[in-house]
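Visitor: Could you walk me through this structure? I'd like to start with the aromatic rings.

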Amino acid sequence: EYTLHPSFKKPVRTSSNRANKFSITIWTWGMFSIDVAIHLNSGTAEHIQYYLSYELPDDDGSNYIAVDT
């Protein structure tokens, strides 16, 4: 269970897919800390804080579009 920044419409997200390492996919403007609850089979939960960061791939400019302001 991931608790994202409160500006997200659905700030609490869950994943039970072990095959994708319990990942979630989100679109974000920046990096920030999230709260993570890891629910164990024993019924207990481990709580950690994780700094959500990413590395952008090399880009030749084709991944962006012009936006009129």
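Visitor: So how many aromatic pairs does a search of the whole structure find?

Guide: The search finds one aromatic pair, where rings of Phe, Tyr and Trp (its six-membered ring) pair if their centres lie within 6.5 Å, planes under 30 degrees apart counting as stacked, over 60 as edge-to-face and the rest as tilted. The ring centres of Phe-8 and Phe-32 are 5.9 Å apart with the planes at 50°, so this pair is tilted. This is a predicted model, in which local features need pLDDT of at least 70 and side-chain atom pairs count only at pLDDT 80 or more, while totals for chains, interfaces and linings use all residues. Residues are numbered from 1 along each chain as its sequence is written, and side-chain values use heavy atoms, with hydrogens and water left out.

Visitor: Why does the pair tie together parts 24 residues apart in sequence?

Guide: Because Phe-8 lies in the loop between β1 and β2, whereas Phe-32 lies in strand β3; strands are DSSP runs of E with at least two residues, numbered from the N terminus.

Visitor: Phe-8 and Phe-32: buried or exposed?

Guide: Both Phe-8 and Phe-32 are buried, buried meaning under 20% relative accessible area, exposed over 50% and partly exposed in between (1.4 Å probe, protein chains only).

Visitor: Switching topic, what's the strand order in the open sheet?

Guide: The four strands run β2-β1-β3-β4 with antiparallel pairing, and two strands pair if DSSP finds at least two bridges between them. The edge strands, pairing on one side only, are β2 (12–13) and β4.

Visitor: And which residue in β3 stands opposite Tyr-2?

Guide: That is Val-36.
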